[in-house]
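Trainee: Could we go through this structure together, with a reason for every label we use?
Mentor: Gladly. Let us look at it first.

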Amino acid sequence: MGLPIGINQLLNGKVVEWERIDFKKGWNPEDVVHSICAFANDMHNWGGGYIVIGVEEDKGTPMLPPIGIDIKDLDDIQKEVLNLMHKIEPLPIVIPEPVEYMGKNILILWIPGGEARPYKAPIHLGAKEMQKAYFIRQGSVTKKATLQEEQVLLSLAAKIPFDDRICHSASLDDLSLLYIRDFLRKVDSDITEKDIQSMPFEQLCWQMQIIGGTPEFIRPKNVGLLFFSEKPEKYIPYARIELVRFYDDVGDHFDEKILHGPIHLQLQEALDYIRSQVIVEKVVKVDDKAEANRAYNYPYTAIEEVLSNAVYHKSYDDRNPIEVRIEPTSIIVYSLAGPMPPITNDDLQNERVLSRNYRNRRIGDFLKELDMTEGRSTGFPKIYRAMRNNGSPDPVFKTDDLNQYFLAELPIHPAFVGDNVAQDVVEDVVENVVDRMDLIVLLLKEDNTLSAAQLAKQLGVTARTIQRDLEKLSKAERIKHIGPDKGGHWEVL
């Protein structure tokens, strides 16, 4: 990764303020480790800064031409920079860039503001390295933080939630104008189509507060990538919903659907699938009553609220998907992490749960604009009300003592328990699975080099489903794999 700014722009002070640049006449490891720590702590939210080695300064401004560094020392200094980084806790990001300027070799260290702040560095190098302290920038000076400044620094660490942090590894090119335009249309935004066409893309992103950083290093925020990137998982792993539908209590027959893309579109796709493929209505005639009772196996309103809240409150820095298990007698939504403290499992047993802390306020704001979630702790009462109005049992909510997970279970309506219609669905699925296995055998007869991914594409299911089918066919001795996993082939027995 190179510097986000040219050396001329950096040294003329027109793009980067002098407070964000620390000039070093020569190589002094102790001074450098303190400055790295200070820029990573980014106490004033400037976006980090630059250390320029080989340039003398006068009251914070560079004295040019530079003194420079002997080219023979450049490699050794860069290696020592790497060593200094590992003396700071936690490990900061430092990008070294040797450049030639005015005929002299200088070294620039770029330190973005750290997402894991606060950072501590050794007060002295050598025998006393165990003594560490917080360092900050005050004007153009690096200094050890006072006790009061430490308290401010520690409070800042908790003020930037994951969804509002910038992603250093992404760029504006990862944000899609198509998704942004679609979102603004859906929420009936005051930003009109004419505005979108006339304003620069960067300005539009600033207006929506989905980018951040410094003028020379503008980057998307995580919330922008989650809503407006074609592949959020490229930067936020497992930002997805996995649907698994079981057709029996044993778990032998099931389908799975893994959703990708912007999280609000994943949510809508999951809800559309459940509404069209899972929810059914039943009419029950009651003796001595003119009107029949109507009920759904699951009320859509309750499912929508449960799944929307899972998307809203999931911990996106935790590498786990949202899991939706559609079982014969219930729908279970499972996500990590659990509710924000001080909410406990006992609190979840109440019909109204009052939360004072929110994990993803920006995500919540966007979902509320789309009318996909409730606000002000009204979600739980809405779920209870929908279940009771449908005649369903009450929902079940759980977490553990450490709030590591959140589980919501919606039991099926009693009228659908042991339903013959459900049994017919199971038989249809079993028949479809058998037909699919027969098709796999036929396809392998035609081309015995087909991979699980290729078979999945032809049959319209996931590669994991095909992999399980292949294992079952192998155990049944209908097929046999010859050779290595990659490059081998199938033999139809």
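Trainee: Why is Phe-246 called buried?
Mentor: This is a predicted model, and in it Phe-246 has a relative accessible area of 15%. Buried means under 20%, so Phe-246 counts as buried. Phe-254, with 18%, is buried too.

Trainee: What makes the ring pair of Phe-246 and Phe-254 tilted?
Mentor: Start with the distance: the ring centres are 5.6 Å apart, and rings pair if their centres lie within 6.5 Å. Then take the angle: the planes stand at 45 degrees. Stacked needs under 30 degrees and edge-to-face over 60, so this pair is tilted. The structure holds 11 aromatic pairs. There is also an aromatic cluster formed by Phe-183, Phe-227, Phe-228 and Phe-366.

Trainee: How do you know that the charged end of Arg-275 sits over the ring of Tyr-300?
Mentor: The charged end of Arg-275 is 4.4 Å from the centre of the Tyr-300 ring. The distance limit is 6 Å, so that part of the test is met. Lys-282 likewise lies over the face of Phe-416, at 5.4 Å from the ring centre.

Trainee: Why is the contact of Lys-132 with Glu-89 called a salt bridge?
Mentor: Their closest N and O atoms are 3.1 Å apart. The cut-off is 4 Å, so the pair qualifies. Lys-132 is in strand 8, while Glu-89 is in the loop between helix 3 and strand 5, so the bridge ties together parts that are 43 residues apart in sequence. Lys-132 is partly exposed at 24%, and so is Glu-89 at 47%.

Trainee: What is special about the peptide bond from Glu-89 to Pro-90?
Mentor: That bond is cis, with omega near -15 degrees. Another cis peptide bond joins Leu-64 and Pro-65, where omega is about 0 degrees. Pro-65 is found in the loop between strand 4 and helix 3.

Trainee: Which parts does the salt bridge of Glu-256 and Arg-468 tie together?
Mentor: The side chains of Glu-256 and Arg-468 meet at 3.0 Å, N to O. Glu-256 belongs to strand 13 and Arg-468 to helix 15, so the bridge links parts that are 212 residues apart in sequence. Glu-256 is buried at 13%, whereas Arg-468 counts as partly exposed at 26%.

Trainee: How do you know that Glu-305 and Lys-382 form a salt bridge?
Mentor: The closest N and O atoms of Glu-305 and Lys-382 are 3.8 Å apart, and the limit is 4 Å, so the pair counts. Glu-305 lies in helix 10 and Lys-382 in helix 12, so this bridge ties together parts that are 77 residues apart in sequence. Both Glu-305 and Lys-382 are buried.

Trainee: Why does Asp-188 count as exposed?
Mentor: Asp-188 has 67% relative accessibility, and exposed means over 50%, so the label fits. Asp-188 also has a positive phi of about 55 degrees although it is not a glycine.

Trainee: Where does pLDDT stay under 50?
Mentor: Over residues 420-431. Helix 13, residues 420-446, has the lowest mean pLDDT among the elements of the protein, 62. Where pLDDT is low, the predicted coordinates should not be read in detail. For the protein, the average is 86, and 90% of the residues score at least 70.

Conventions. Residues are numbered from 1 along each chain as its sequence is written. This is a predicted model: local features need pLDDT of at least 70, side-chain atom pairs count only at pLDDT 80 or more; totals for chains, interfaces and linings use all residues. Side-chain values use heavy atoms; hydrogens and water are left out. Rings of Phe, Tyr and Trp (its six-membered ring) pair if their centres lie within 6.5 Å; planes under 30 degrees apart count as stacked, over 60 as edge-to-face and the rest as tilted. Buried means under 20% relative accessible area, exposed over 50%, partly exposed in between (1.4 Å probe, protein chains only). A charge sits over a ring if NZ of Lys or CZ of Arg is within 6 Å of the ring centre and within 35 degrees of the ring normal. Helices (H or I, at least four residues) and strands (E, at least two) are DSSP runs, numbered from the N terminus. pLDDT is the predictor's confidence in each residue, from 0 to 100. Contact means heavy atoms within 4.5 Å.
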